[in-house]
Amino acid sequence: MDYFQLKNGELYAEDVPLERIAQEVGTPAYVYSRATLERHARVFRDGLSVLDNPHLAFAIKANPNLAVLKIMANEGYGADVVSGGEMERALAAGMPAKDIIFSGVGKTKDEMRRGLEKSIGQFNIESEPEGIELASVARDMGLQAPATLRINPDVDAGTHAKISTGKAENKFGVAIDEAPAIFGRLAGLDGMNLRGVAVHIGSQLGMLEPLEAAFIKIGALVADLRSAGHNITHVDLGGGLGVPHKEGDQYPTPAQYGAMIARVTKDWDVQLMFEPGRLIPANAGVLLTEVIRVKPAKINPYVIVDAAMNDLARPSLYDAFHDFAAVKPNGEKMVANIAGPVCETGDTFAIGREIDSVSAGDLTIFRTAGAYGATMASTYNSRPLVAEVLVDGDRFAIVAERINPETILAAEQVPDWLTS
Ligand code: LLP
């Protein structure tokens with residue numbers, strides 16, 4: 001459930017008409033609803049309340065806006081981060097360092113050092129060489145790095161190939177059959193406090209079965225590691241729950257997810273950790289955009305909006321469906337293609353879709369845009385970097401300024417030797 005609803009024939013974000021935001025901020029702009037973010041954060045927590053004190057780390061890659069992180073921090077979430085930049089954001093939002101987990105295959109020594117300096121809670125190691133490096137950085141600082149080993153369970157998550165992470169051929173984690181030996185070698189290193197394992201098999205998952213299959217394998221691995229004498233106290237089960245993009249979409253609920261985990265992990269006796277991303281912000285955000293014009297075409301007309309693939313990359317990258325709606329629907333429908341102004345065919349949001357009938361100057365939204373939306377935006381075609389707005393009841397604030405092409409141009413220089 002979200003708070004982007006029609007009231008008296010026009011779309012509101014909570015108690016603010018989207019038209020007002022367009023007038024004051026311009027378009028395109030991402031609009032987030034605080035009430036929806038908080039609701040989703042609580043629904044996820046409630047779904048896991050069947051577990052004993054789970055650790056919740058918001059995968060901030062889904063939406064790293066500082067104001068959004070502040071809301072997540074207030075809701076008691078820590079952060080799953082995958083870069084030094086994300087770590088600084090989590091800290092800037094007031095998330096306690098001990099609640100930060102550092103994931104990712106390419107952590108640099110500088111990032112490791114900074115994480116250790118700040119005493120972050122955990123590093124999820126993705127390979128043996130990375131573990132050796134982390135132990136050596138920690139040893140040089142006179143520290144022990146708290147860590148888990150990320151396991152690649154070779155499970156097909158049944159999602160888009162570009163966001164599947166748990167198949168043997170994916171770059172993530174160590175192969176499950178090699179894990180006991182690698183764990184044994186890393187656990188013995190000075191500077192390393194290897195205390196458990198981590199798994200994350202992919203994103204936008206529509207079924208619990210692949211997750212359950214992966215977790216069952218992890219349970220067996222934990223038992224093996226214990227019988228080899230290792231002290232396993234932490235297991236990180238990642239994120240991945242998918243979200244509905246249109247009416248009628250069926251996705252597992254956090255309560256069903258929690259019940260499955262309670263069943264699978266009942267004998268594990270570990271601190272369970274979670275890294276939910278998309279689930280919380282996706283339907284708490286829309287991309288507000290204006291129709292530039294409707295271009296007649298041979299098969300269907302093209303609705304050309306002022307948002308493009310540089311603002312919302314998901315349709316172009318993953319063929320993702322984002323529901324499209326008029327801010328003031330006139331009750332009529334049309335069949336159209338929807339595209340942005342960027343000069344490539346990939347800049348198409350929908351083909352032959354039945355949508356609210358719109359014409360030049362109308363305001364519209366793409367739904368389910370609060371996750372992996374603004375954070376993946378670029379300035380391709382020298383377009384502005386999109387603005388972000390947070391609504392709270394009847395008030396709103398710009399939480400990320402639009403960055404105009406002039407500002408970006410100002411950071412570029414022509415070397416002397418090209419001008420002389
Ligand atoms: N933990 C790890 C280690 C991850 O790699 C990810 C996402 C998550 C947690 C959070 O997963 P979520 O709950 O959001 O599914 N840009 C793509 C999604 C990439 C996800 C990458 N990893 C998209 O727009 O669909």
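Q: What stands opposite tyrosine 32 in E14, and how do you know that the strands concerned are paired?
A: In this predicted model, tyrosine 32 stands opposite glycine 285 in E14. Strand E4 (residues 29-33) is joined to strand E14 (residues 285-295) by 4 bridges, and because pairing requires at least two bridges between two strands, E4 and E14 count as paired, running antiparallel.

Q: What makes E14 and strand E19 (residues 363-366) a pair, and which residue is the bridge partner of glutamate 290?
A: Between E14 and E19 there are 4 bridges, with the strands running antiparallel, and the requirement is at least two, so the two strands pair. Glutamate 290 has leucine 363 in E19 as its bridge partner.

Q: How do you know that E14 and strand E15 (residues 302-305) pair, and what joins them?
A: The pairing of E14 with E15 extends over 4 bridges in the antiparallel sense, which satisfies the criterion of at least two. Lysine 295 stands opposite tyrosine 302 in E15, and a hairpin through 6 residues joins E14 to E15.

Q: Why is one side of strand E1 (4-7) and of strand E3 (16-17) left without a neighbour in the sheet?
A: These strands belong to an open sheet of 3 strands, ordered E1-E2-E3 with antiparallel pairing. E1 and E3 stand at its edges and each has a single partner strand, so one side of each lacks a neighbour in the sheet. For E1, the pairing with strand E2 (residues 10-13) is antiparallel over 4 bridges, and leucine 6 has leucine 11 in E2 as its bridge partner.

Q: Why is the approach of serine 203 to the ligand called a polar contact?
A: An N or O atom in the side chain of serine 203 is 2.4 Å from an oxygen atom of the ligand; because a polar contact is a pair of N or O atoms within 3.5 Å, this pair qualifies. A polar side-chain atom of arginine 314 lies 2.6 Å from an oxygen atom of the ligand, and a polar backbone atom of arginine 278 is 2.7 Å from an oxygen atom of the ligand, so these pairs also fall within 3.5 Å.

Q: How much of the ligand's area does the protein bury?
A: Taken alone, the ligand exposes 590 Å², of which the protein buries 91%. The space that the ligand takes is the second largest pocket.

Q: What makes up the shell around the ligand, by class?
A: The ligand is surrounded by 18 residues, with Ser203, Glu275, Arg278, Arg314 and Tyr372 the closest. By class, the shell has 6 nonpolar, 6 polar and 6 charged residues.

Methods. Residues are numbered from 1 along each chain as its sequence is written. This is a predicted model: local features need pLDDT of at least 70, side-chain atom pairs count only at pLDDT 80 or more; totals for chains, interfaces and linings use all residues. Side-chain values use heavy atoms; hydrogens and water are left out. A residue is near a molecule or strand if one of its heavy atoms lies within 4 Å of it. A polar contact is a pair of N or O atoms within 3.5 Å; within protein, one must be able to donate a hydrogen and the other to accept it, and residues adjacent in sequence count only if both atoms are side-chain atoms. Accessible areas come from the Shrake-Rupley method with a 1.4 Å probe; for residues, only the protein chains shown count as cover. On a 1 Å grid over the protein atoms alone, a cavity is a set of points where a 1.4 Å probe fits but cannot get out, and a pocket is an open set with protein on both sides within 12 Å along at least five of seven lines; lining residues have an atom within 4 Å of a point. A molecule sits in a cavity or pocket if more than half of its atoms lie within 2 Å of its grid points. Ala, Val, Leu, Ile, Met, Phe, Trp, Tyr, Cys and Pro count as nonpolar, Asp, Glu, Lys and Arg as charged, and the others, Gly among them, as polar.
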